[in-house]
Amino acid sequence: MAITTAAVATTTSGGIPTTRRRRVEGIYYAFLLPSLLLFTLAITVPAIIGIFFSFTDSIGFGDWRFIGFTNYIAALSDPAIRASYLFTFGFAAVTVVVVNVLAFLLAVGLTSRIRFKTALRTIFVIPMVVSGIIIAFVFNFLFSNTVPALGEALGISWLQTSILANPHLAWIAIVIVTAWQAIPGTLLIYIAGLLSIPGDVYEAADIDGATKFQQLVRITLPLVAGYVVINVILGFKGFLNAYDIIVGLTNGGPGTATRSIAMTIVTGFTSGDYAYQMANATIFFVIAIAISLLQLSLTRGRNAL
Amino acid sequence: MSTEAAGVLEEIEAKGLLEADSRRPSAVRKDRPSWSTTIILILCTATVLVPLYVTISMAFKSQQQAVDGNAFSFPAPFSLEGFTTAWNLTSFPTAFVISVLVSLASVAGTILLASFASFAIARNWDRRPFRWSFYYLLAAMFLPFPVVALPQIQLTGLVGLDNPAGVALLHIMFQLSFSVLLFTAFLRSIPMELEESSRIDGASTWQTFRYMIFPLLAPMSATVGIFAFLASWNDFMMPSLITSNPALQTLPVVQSIFQTQFSNNYNVSFASYLMAMAPAIVVYLFTQRWVMEGVTQGAVKG
C-alpha cells in the first residue's frame with residue numbers, strides 16, 4: 001500500500017505536490033476529516049459535556065457548581081433508578097433467551113430441506129423492518145382489545161383483563177413485542193452459522209446411526225456456539241437500550257413498573273434533573289463498555305467467526 | 001432495530017446467504033423436502049402475518065365497523081374513510097415529506113462520508129492517524145444513544161439544530177461506525193493492481209476514487225444505504241427528543257403524538273400506522289437480498 005502511495009506521489013502531476021517519499025497525500029486527509037470532525041462534534045463533545053455536568057448540580061441551563069460524586073451516590077441509592085435497572089436487566093435477560101431459542105429453532109427449520117424456503121424466509125424477516133413504536137401500538141390494540149375479547153368468548157378469566165394494565169405482567173407484553181422484532185436479525189445470523197457447517201458432518205453422523213435430535217444437540221449446537229455468543233451479547237446490549245417499544249405499549253406503566261433505563265435518563269430533560277440523570281447515563285455507559293469488553297474478549301480469535 | 005442490527009453485523013463472517021444455500025450438499029442428506037417442517041414453519045408465519053393482517057384489515061374498515069374493536073373481521077364494506085381522515089388529521093403529507101427528507105439525507109450522508117473515510121483509512125492503514133481514526137469511529141458502536149441523549153438535546157437546541165436536519169445529522173453519525181466497518185472490509189478485498197493501473201494511466205487519487213473505487217463499492221453502498229434508510233425511517237427516540245417543533249416530526253413520532261386523538265377510531269389509527277410502515281416494508285421486499293446479506297456479510301471482521 002505504502003509503495004503505491006509513494007509511486008503515485010511521484011508520478012501524478014495533479015493534486016498536492018509531495019516532496020518526501022511515502023508521504024500521505026493530502027487528499028486522504030480531506031476524505032477523512034469531514035467524518036472525524038462531525039463525529040467529534042455530534043458524539044464525542046456531547047459525551048464529554050454530559051460526563052462533565054454529571055459532577056455538577058446543573059439543571060440544563062443557568063448557573064451550576066461542582067458537587068463531586070454527590071449525583072452518583074444519590075443515583076446509586078435512588079429507588080426509582082434501581083427499579084429501572086432491575087426491570088431493564090431482567091427484561092433483557094428474559095428477552096435474550098426467548099429470542100435466541102426461537103430464532104435458533106426457526107433457523108434450523110429454514111435451513112432444512114423444506115418447500116417455499118425463500119418465501120418463508122422473506123416473511124420471517126419482515127418484523128425487522130417495521131418501526132418499533134408503530135408495531136407496539138398495533139400490539140397495544142391487540143393486548144387491550146383483542147386478547148380480552150378472546151378471553152371473554154372462551155370464558156378464560158385471566159385473559160379478560162388487559163395484560164398491559166397489570167403491573168406484574170405488563171413486562172411480558174414488552175418481551176413478546178421486542179422478541180417479535182428482534183428475532184429476524186438473530187435468525188439471519190443463525191442461518192449463516194448453520195450454513196457454514198459442512199454437510200458431510202451430518203452424513204457421517206447418519207452412517208453412525210445418530211438420530212436427528214442427537215445431531216442437533218451434539219453436532220449443530222457446538223458448531224454454532226460462536227454465533228450463540230455473538231447473538232446473546234449483541235441482543236443483550238441492544239435490549240438494555242429499550243425505549244420505543246415500551247413507549248408504545250405501556251409508556252413505563254402501570255405506574256413505573258416497566259420504566260427502562262433509557263426512559264429514566266430522558267426524564268432528566270423535562271424534570272430539571274439534568275446533571276443527576278447524566279450521572280445515571282454515565283453509570284449506564286460504564287456498564288455498556290464493560291459488556292462490550294466482555295464481548296471483545298469472548299469473540300477474539302475465534303475461528304468460527 | 002438500528003443499534004441492534006448494526007451491532008449484529010460487526011461480527012459475522014462474510015457469507016453470501018443466497019449462494020451459501022446452493023452450495024450446501026443437498027442430495028446427500030435428505031432427498032425430498034420435509035412437508036412436516038414446512039407446515040410447522042407456515043403455521044409459525046402467523047405470528048408475523050396476523051399483526052400485519054390486523055393492521056391492514058382495520059385500516060380498510062368503515063368507522064362504524066372499526067369501533068367495535070374486532071380485530072379479525074374482514075372489512076365490509078371496504079372503506080377508505082380511515083385513510084382520508086388520518087391523512088388530514090395528522091397532516092400526513094408534511095410528516096411523510098419530512099420522513100423522506102431525513103431518511104434520504106441520512107442515506108446519502110452515510111454513504112458519502114463513510115466511503116470517503118473508509119477509502120482514506122483502507123489505503124493508509126500503515127499510518128497511525130488513519131488506524132486510530134478507524135478505531136475512534138468504531139467506538140460509537142459501544143455508545144448507546146441514551147447515554148448522550150441529554151447533552152445532544154441541549155447542544156442541538158443551542159446551535160439551532162433541534163429540527164429534522166439535526167436528526168438526519170445524528171442518524172448519519174450513529175450509522176457511521178457500522179458503515180465504515182463494512183466499507184473498509186470491502187475495500188481491502190479490491191486488488192491494488194486495479195488502482196495502480198488507473199494511476200499509471202495518470203488518474204489522480206480523486207479520479208481513482210470517483211471513477212473506479214466508488215462504482216466498485218456499489219453493492220456495499222446498497223447494503224449501507226438500506227440499513228441507513230431503515231434505521232432512519234423507523235426511528236422514534238431520536239426525532240422525538242431532538243426535534244422541538246411537533247409540526248416538523250417524522251412519521252413514527254406523529255403516530256405517538258396523535259395516539260390519544262385517534263381514541264376509538266381504530267380505522268383512522270391503523271390507516272395512519274399502515275401509511276407510516278408500508279414504505280419500509282415495500283423497500284425491504286425489493287431489496288431483501290441486500291438486507292439479508294448485510295446482516296450476515298457485514299462482518300468480514302473489522
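1. Let me start with a residue in chain B: Gln64(B) is exposed, because just 10 other C-beta atoms lie within 10 Å. (Exposed is 12 or fewer such neighbours within 10 Å, buried is 20 or more, and partly exposed is in between, with C-beta atoms placed from the backbone.) Gln64(B) sits in helix H5 of chain B, residues 63–66. Its C-alpha is 9.9 Å from that of Tyr266(B), although 202 residues separate the two in sequence.

2. A word on conventions. This is a predicted model, in which local features need pLDDT of at least 70 and side-chain atom pairs count only at pLDDT 80 or more, while totals for chains, interfaces and linings use all residues. Residues are numbered from 1 along each chain as its sequence is written, with chains lettered from A and ligands numbered from 1 in the order in which they are written. Helices (H or I, at least four residues) and strands (E, at least two) are DSSP runs numbered from the N terminus.

3. On to the interface. Chain A puts 95 residues into the contact and chain B 96, where contact means C-beta atoms, placed from the backbone, within 7 Å. On the side of chain A that touches chain B, helix H2 of chain A (residues 26–53) gives the most, with 15 residues. That side of chain A divides into 63 nonpolar, 26 polar and six charged residues. (Nonpolar is Ala, Val, Leu, Ile, Met, Phe, Trp, Tyr, Cys and Pro; charged is Asp, Glu, Lys and Arg; the others, Gly among them, are polar.)

4. Have a look at one helix pair across the chains. H4(A) packs on helix H4 of chain B (residues 35–59) at about 135°, with the axes 10 Å apart. (Axes are lines fitted to C-alpha atoms, for helices over the stretch in contact, and angles run from 0 to 180 degrees between N-to-C directions.) H4(A) and H4(B) are therefore oblique to each other; under 35 degrees would be roughly parallel, over 145 roughly antiparallel, 65 to 115 roughly perpendicular, and the rest is oblique. The crossing of H4(A) and H4(B) is left-handed, that is, the near helix is turned anticlockwise from the far one by less than a right angle, clockwise being right-handed. Leu106(A), Gly109(A) and Leu110(A) meet Thr37(B), Ile40(B), Leu41(B) and Cys44(B) there. By class, this contact of H4(A) with H4(B) has five nonpolar, two polar and no charged residues.

5. H4(A), residues 79–111, also packs within its own chain: its axis and that of H7(A), residues 170–195, come within 6 Å and cross at roughly 45°. That makes H4(A) oblique to H7(A). The crossing of H4(A) and H7(A) is right-handed, and their contact has 23 nonpolar, five polar and no charged residues.

6. Back in chain B, helix H6 (residues 81–89) has Glu81(B), Gly82(B) and Ala86(B) buried. They lie on the same side of H6(B), because they cover an arc of only 120° around the axis, taken from the directions from the helix axis to the C-beta atoms.

7. Finally, some backbone points to check. Most residues other than glycine have a negative phi, and most peptide bonds are trans. Ser91(B), which follows H6(B), has a positive phi near 45°, and Phe116(A) has one of about 50°. Phe116(A) lies in the loop between H4 and helix H5 (117–125) of chain A. The bond joining Gly253(A) and Pro254(A) is cis, with omega about -5°, and so is the one from Ala76(B) to Pro77(B), with omega near -5°.

Methods
Contact = placed C-beta atoms within 7 Å.
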